[in-house]
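Here is a walk through a protein model, taken one piece at a time. Have the sequence and the 3D view open as you read.

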Amino acid sequence: RMAAECNCTQLPLADLIQEANMAVFMAVQEESGSDADEDRIMSRVREQIEKAIMDQIDQKERDDALVDRVTRFEQAVRDINDGEGEQFSIGELAVLLDMDREEIEDILRLTGDDA
């Protein structure tokens, strides 16, 4: 019920339920038998659901930033190339695009382009 009440678009309901189930399992294990407090357990479940949502939002932001870097890199290479089909070394691209060589190599690996 708690997972459904979140009305979350970042994660499927099934994933939120799984997070809630794991939080219940871990909280019950850590509570000392008769000392188990339902309010404390439910609070931990709510915290875990919120953490899962925030983690997903953070991951999406990182993914979007990476896609943006790759897109900007590809556009910059096209602009430099200017349709002439000229090939540049990674070192030349680093100087022309004012980027670190390692960043260019990472982008090329990510896109599957030959370095």
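Let's start with what counts as a helix here: helices are DSSP runs of H or I with at least four residues, strands are DSSP runs of E with at least two, and both are numbered from the N terminus. Before we use that, a word on the ground rules. This is a predicted model, in which local features need pLDDT of at least 70 and side-chain atom pairs count only at pLDDT 80 or more, while totals for chains, interfaces and linings use all residues. Residues are numbered from 1 along each chain as its sequence is written, and side-chain values use heavy atoms, with hydrogens and water left out.

Now the overall picture. The chain has five helices and zero strands, so to speak an α-α-α-α-α run when read from the N terminus. Its accessible surface comes to about 8400 Å² (Shrake-Rupley method, 1.4 Å probe; for residues, only the protein chains shown count as cover). Carbon and sulfur atoms account for 48% of that surface. Of the 115 residues in the chain, 23% are buried. Buried here means under 20% relative accessible area, exposed means over 50%, and partly exposed is in between, using a 1.4 Å probe and protein chains only. What about contacts, meaning heavy atoms within 4.5 Å? Among those with a separation of 6 or more, 49% link residues 24 or more positions apart.

Helix α3 is a good place to look at salt bridges. A salt bridge is a side-chain nitrogen of Lys or Arg within 4 Å of a carboxyl oxygen of Asp or Glu, and the structure holds nine of them. One of these joins Arg72 and Asp68, at 3.0 Å from N to O. Both residues lie in α3, four residues apart, which is about one turn of the helix. Lys51 and Asp55 form another, with their closest N and O atoms 2.7 Å apart. They too are four residues apart in α3, so about one helical turn separates them. Lys60 and Asp64 also pair up, at 2.9 Å, and again the spacing is four residues in α3. As for exposure, Lys51 is partly exposed at 44% relative accessibility, and Asp55 is partly exposed at 37%.

Next, the inside. In soluble globular proteins, nonpolar side chains tend to be buried together. A nonpolar core is a set of buried Ala, Val, Leu, Ile, Met, Phe, Trp, Tyr and Cys residues joined through side-chain atoms within 4.5 Å. The largest one here has 13 residues, and Cys8, Leu11, Leu16, Val45, Ile49 and Ile53 touch the most other members. Helices α1 (2-5), α2 (13-30) and α3 each give two or more residues to this core, with the largest share, five residues, coming from α3. Take Leu11 as an example: setting aside neighbours within four places in sequence, Leu11 is in contact with Leu16, Ala52, Ile53 and Gln56. There is also a second, separate core of 11 residues, which includes Leu93, Ala94, Ile104 and Ile107.

That second core leads us to the last two helices. In α4 (residues 90-97), the buried residues are Ile90, Leu93, Ala94 and Leu97. They sit on the same side of α4, because they cover an arc of only 105° around the axis, the arc being that of the directions from the helix axis to the C-beta atoms. These residues pack against α3 (38-81) and α5 (101-111). From the α3 side, Val77 touches Leu93 and Leu97, not counting residues up to four places away in sequence. Just after α4, Asp98 takes a positive phi of about 55°.

In α5, Ile104, Ile107 and Leu108 are buried. Their arc is only 100°, so they lie on the same side of α5, and they pack against α3 and α4. The face turned away from that buried side carries the exposed residues Arg109 and Leu110.

One last question: why are Cys6 and Cys8 not joined? A disulfide is a pair of cysteine sulfur atoms within 2.5 Å, and the sulfur of Cys6 is 6.8 Å from the closest cysteine sulfur, in Cys8, which is too far for a bond. The count of disulfides is zero.

Technical notes: Contact means heavy atoms within 4.5 Å.
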